[in-house]
Every structure is written in structure tokens, then in C-alpha cells.
Amino acid sequence: MEQQGTFFDPIDKLSGRVKEQMKKRLPENFSPSDSEYITSDKKFVLCKKCGLPRYALEYNIFTKCEMYNRKQCDCDREDELRKFNEERAREKALYYDSPVFLRSVGEKYRNARFNDIPTEGCDSTYLFAKNQLERFLGGIESNLESGKGWYLWSEETGVGKTCLASCVRRELLDSGIPCVLMTDINIVNDCESRRFATGEFDYATYYDVKVLIIDDLGTDATTDGGRVSKLTNRWMNDIINQRYLNHKLTCFTSNFSKRSLMDIGFDKRIVDRIMEMAPAEMRITGRSFREQLDKAAREGREFDLAY
Ligand SMILES: [Zn+2]
């Protein structure tokens, strides 16, 4: 407290009127933060980290007296730049929240976040997967660097795979990391329809986007005679190969294990790539997620995932 008194000493030299004005201009109840200190001549408040002034006592030609001016030290500048870049990254990532990219996510899961999704009564394999995906997000920087993703599968449908993948998508976009979550069918249809057209985005998105989550890989094999179409095989081959070569982070959900992808008609080469790109394999065995949703529906309540 004593230090504050001495810090404001110059005011005492001024006339009453200017003094009143000056008091308004000085930071009220100023005390240096832990990261700064006042020099012994009271002329500067310096940053402990970079040594540059945060405040300097300077002659002001308008008030004709010395007053403390707020300065930016190097850390302040770095901080400002970092915040600016983070903000821009967030804005850029939100491009992937536009309707074209929501076809596989839908409004239901659009804003799903890990904290909002059901856990009560869900089985251990689902909870394990949820936990692993949260850990994946925790280490996202090194995962982006290594390009190592995950593979989430279950034989049953409706066990919560898309919900979990949607949470990963939302949390990545929130932190400014571009992410697309699309079913393989939607990706193939998109690529086909935009092959010869110039639209608001082109299929190169799937090669380039920082994180691509391919949802329901091989799903046309469940309706189409047990085999994926040649078209699906070709596009998946192309996209997965491009991303593999560029170490792009790629993740998958599927109703098939990695090992059985060849049985449904995917080339061995794609399967080998997937093995390498998504080494973490998680399997959900229970049906309890769907049961929780059904129970909620029967009781007339819905999980509040979209807001
Ligand atoms: Zn500094």
C-alpha cells in the first residue's frame, strides 16, 4: 500500500484542478501485478519477464505535466498477437460448421459436447471410448503432428458412435481446429457431384482439412449385397491415400472392424493405410446408449444436445 502512495507522488506537485483531472486518468488503486515491478526512481513499471515498461512516467504536452502512460511490453504484444490468431483460427474453423458440412452430423448432434452427453446407465465400452476420445483431444497438438487418429466401431448400430464423433468435431471447431465429420457415402456423393462443378467448396476439402472423421465407413456394404461399391472404394482409396501421404489426421467410425474391411470389398492398400493412420481401435459392444435415448423418449424428455 505504501508503494502505491509513492507511485502516485507526482500528482502532489500539481495544482488542485489538474490534480483532479489527473487522478481520473491514472489507474485507480494501482498496484503492480506479480509479473511487474516499480523502478526505484518511480518512473517505470517494468515487466519482470521481458524487462520492458508496462507504464512510463512521461511529460504530456496537453496536460503540461508528467503522467503515467500505459505501454505494451513484448509479452503484451505477443499476448495480443496470440489472441488475435486464436480468434482468427476460431472464425476460420467455423466455416466447417456451415450447412454443407452438417449433412452427416445434423442439428441433433451439431453442438454435442462431451459434458452434455449421456453417461448414466451407459456400458463400460462406451464410457471407455468416450474417455479415450477426450484424451485424444487433450493431446491434440501432438496427434496433429504425428497424424495418428482413431477407429471407433461396433457391430450394432445406435450405440453412440456418431454422437461421440460429433463431440470430437464440436470441441475441435471450438478450439479453432478445422474438422469435418461426414459419412463415407456423403463424401462420395459430394465428390461425385462436384467433380466437374465449381461450388462453394470442392472435394479437395477432404484431402486438406486438418481433421477428417469418416463416419460409418463401409456402410453401403450393409445394404448392397455385403460389399462396398466400386465408387466408394475408389474415392476412399483416393482420399485416404492423399491424407496418408500428407500425414493428415484421419479418424473413422464403422460397423466393421478394421480386419473385416477387406471382407466387404475395400482394397488391401486402404486397409493397410487405415491400420497405420488410426492405430487406436475402440469397440463399443453394448446397446445401452440407444436404450438410454429410447428411455428418455418414453419419459417425454430428450437429451439436450442441440442448443
Ligand atoms: Zn513483458
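Q: What makes Asp216 count as buried?
A: Asp216 has 23 other C-beta atoms within 10 Å. A residue is buried if 20 or more other C-beta atoms lie within 10 Å of its own, exposed if 12 or fewer, and partly exposed in between, with C-beta atoms placed from the backbone. The value 23 meets the cut-off of 20 or more, so Asp216 is buried. The model is a predicted one: local features need pLDDT of at least 70 and side-chain atom pairs count only at pLDDT 80 or more, while totals for chains, interfaces and linings use all residues. Residue numbers start from 1 along each chain as its sequence is written.

Q: Where does Asp216 lie, and what is its phi?
A: Asp216 lies in strand S7. Its phi is positive, about 60 degrees, although Asp216 is not a glycine. Strands (E, at least two residues) and helices (H or I, at least four) are DSSP runs, numbered from the N terminus.

Q: Why is His247 called partly exposed?
A: His247 has 13 C-beta neighbours inside 10 Å. That count falls between the exposed and buried limits, so His247 is partly exposed. Its phi is near 50 degrees, a positive value in a residue other than glycine. His247 sits in the loop between H10 and S8.

Q: What makes strand S7 mostly covered?
A: Of the 7 residues in S7 (residues 211-217), 7 are buried. In the protein, buried residues make up 32% of the 307 residues.

Q: How do you know that S7 pairs with S6 and S8?
A: Two strands pair if DSSP finds at least two bridges between them. S6 (residues 179-183) and S7 are joined by 5 bridges and run parallel. S7 and S8 (residues 249-254) are also joined by 5 bridges and run parallel. Both counts meet the limit, so both pairs qualify. Leu181 stands opposite Ile213 in S7, and Ile214 stands opposite Phe252 in S8.

Q: What makes S6 and S9 edge strands of their sheet?
A: The open sheet has 5 strands in the order S6-S7-S8-S5-S9, with parallel pairing. S6 and S9 (280-283) each have a single partner strand, so one side of each is left without a neighbour in the sheet. Neighbouring strands here are turned by 15 degrees against each other on average, direction ignored.

Q: How is the sheet that contains S1 ordered, and which strands stand at its edges?
A: This open sheet of 4 strands runs S1-S2-S3-S4, with antiparallel pairing. S1 (36-38) and S4 (65-70) stand at the edges, each with a single partner strand, so one side of each lacks a neighbour in the sheet. The average turn between neighbouring strands is 25 degrees, direction ignored. S2 (residues 44-47) and S3 (residues 53-60) run antiparallel and are joined by 3 bridges. The pair has at least two bridges, so it qualifies as paired. Val45 stands opposite Tyr55 in S3.

Q: Why are H10 and H11 called oblique?
A: The axes of H10 (residues 230-245) and H11 (residues 268-277) come within 10 Å and cross at roughly 40 degrees. Axes are lines fitted to C-alpha atoms, for helices over the stretch in contact, and angles run from 0 to 180 degrees between N-to-C directions. Angles under 35 degrees count as roughly parallel, over 145 as roughly antiparallel, 65 to 115 as roughly perpendicular and the rest as oblique. Roughly 40 degrees belongs to the rest, so the pair is oblique. Residues making the contact include Met236 and Ile240 of H10 and Ile270 and Ile274 of H11. Contact requires C-beta atoms, placed from the backbone, within 7 Å.

Q: What makes a set of residues a nonpolar core, and how many residues has the largest one here?
A: A nonpolar core is a set of buried Ala, Val, Leu, Ile, Met, Phe, Trp, Tyr and Cys residues joined through C-beta atoms within 7 Å. The largest has 56 residues; among those touching the most other members are Leu152, Leu164 and Ile213. Helix H7 (residues 161-174) gives the most to this core, with 7 residues. Apart from it lies another core of 8 residues, including Phe44 and Met67.

Technical notes. Two residues are in contact if their C-beta atoms, placed from the backbone, lie within 7 Å.
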